[in-house]
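Biologist: I should like to learn how pockets and cores are read from a set of coordinates. Please take me through one example.

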Amino acid sequence: MSRDQVESLLYGGESPRNRTAFLQYLRDVQRGKSLLQLKAVAAAMTPEIRQSWSARSFTPVQTSDGAFDEVVCNISYHFHKHGQKYGTIRKMTDEALHYFALHRHQAQARKTDGLLALPNGSLYEPGGRIVTFVG
């Protein structure tokens with residue numbers, strides 16, 4: 001960087017309240033739960049995608065733009081953590097369902113909650129709904 005260029009930092013002495021809000025936003029992004037991420041998932045959601053995913057282990061989120069349910073939050077989190085390589089939530093969902101179909105015979109039922117644990121660490125409900133897919 002030359003001496004003539006100036007780098008702008010996201011935090012430039014704003015009040016502690018603003019800094020705290022920004023840090024919370026960064027945590028939300030890492031959890032796949034920023035408003036932008038949630039809106040993108042909700043917009044890409046189809047009835048088939050919704051039926052393929054479980055609402056287990058996620059809570060709904062209330063934002064300034066409204067509420068997002070457990071399924072949207074689940075997909076948003078998993079797409080952010082593991083699914084971006086698929087490009088779309090549709091492709092990630094299709095891959096997760098395909099993986100389940102190919103590896104169901106290797107599933108181990110967990111005693112604590114009855115979920116099926118597959119070799120790659122993904123979890124499914126016994127009927128095949130995706131709880132978590134780590135592809």
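Biologist: How do the residues of the lining of the largest pocket divide into nonpolar, polar and charged?

Modeller: Please note at the outset that this is a predicted model. As to the general idea, rolling a probe the size of a water molecule over the atoms shows where empty space is left. In this case, the lining of the largest pocket comprises five nonpolar residues, five polar residues and one charged residue. The space in this pocket is about 170 Å³.

Biologist: Which residues line the largest pocket?

Modeller: The lining consists of Gln37, Ala40, Val41, Ala44, Ser76, Phe79, His80, Gln84, Thr88, Ile89 and Arg90.

Biologist: Which helix gives the most to that lining?

Modeller: Helix H2 does, with four residues. At least two lining residues come from each of H2 (35-44), H4 and H5 (89-103).

Biologist: Let us take one lining residue, Ser76. Why does Ser76 count as buried?

Modeller: Ser76 counts as buried because its relative accessibility is 3%, and the cut-off for a buried residue is under 20%. Ser76 belongs to helix H4, which spans residues 70-83. Setting aside residues up to four places away in sequence, Ser76 is in contact with Gly32, Lys33, Gln37, Leu38 and Val41. Of these, Gln37 and Val41 also appear in the pocket lining.

Biologist: I should now like to turn to the core. Which members of the largest nonpolar core touch the most other members?

Modeller: The general idea is that, in soluble globular proteins, nonpolar side chains tend to be buried together. Here the largest nonpolar core holds 25 residues, and those touching the most other members are Met45, Trp53, Ile75, Met92, Leu118, Tyr124 and Phe133. Two or more residues of this core come from each of H2, H4 and H5.

Biologist: What does Met45 touch beyond its neighbours within four places in sequence?

Modeller: Met45 has contacts with Arg50, Val71, Val72, Ile75 and Ile89. Among these partners, Ile75 is listed with Met45 among the best-connected core members, while Ile89 is one of the residues lining the pocket.

Biologist: How many helices and strands does the protein have?

Modeller: The protein has five helices and six strands. Their order from the N terminus is α-α-α-β-β-α-α-β-β-β-β.

Biologist: What share of the residues is buried?

Modeller: Of the 135 residues, 36% are buried. The protein exposes about 8500 Å², of which carbon and sulfur atoms supply 55%. Among contacts with a separation of 6 or more, 48% join residues 24 or more positions apart.

Notes. Residues are numbered from 1 along each chain as its sequence is written. This is a predicted model: local features need pLDDT of at least 70, side-chain atom pairs count only at pLDDT 80 or more; totals for chains, interfaces and linings use all residues. Side-chain values use heavy atoms; hydrogens and water are left out. Buried means under 20% relative accessible area, exposed over 50%, partly exposed in between (1.4 Å probe, protein chains only). Contact means heavy atoms within 4.5 Å. Accessible areas come from the Shrake-Rupley method with a 1.4 Å probe; for residues, only the protein chains shown count as cover. On a 1 Å grid over the protein atoms alone, a cavity is a set of points where a 1.4 Å probe fits but cannot get out, and a pocket is an open set with protein on both sides within 12 Å along at least five of seven lines; lining residues have an atom within 4 Å of a point. Grid points are joined across faces, edges and corners, and a volume is the space filled by probe spheres set on the points. Ala, Val, Leu, Ile, Met, Phe, Trp, Tyr, Cys and Pro count as nonpolar, Asp, Glu, Lys and Arg as charged, and the others, Gly among them, as polar. A nonpolar core is a set of buried Ala, Val, Leu, Ile, Met, Phe, Trp, Tyr and Cys residues joined through side-chain atoms within 4.5 Å.
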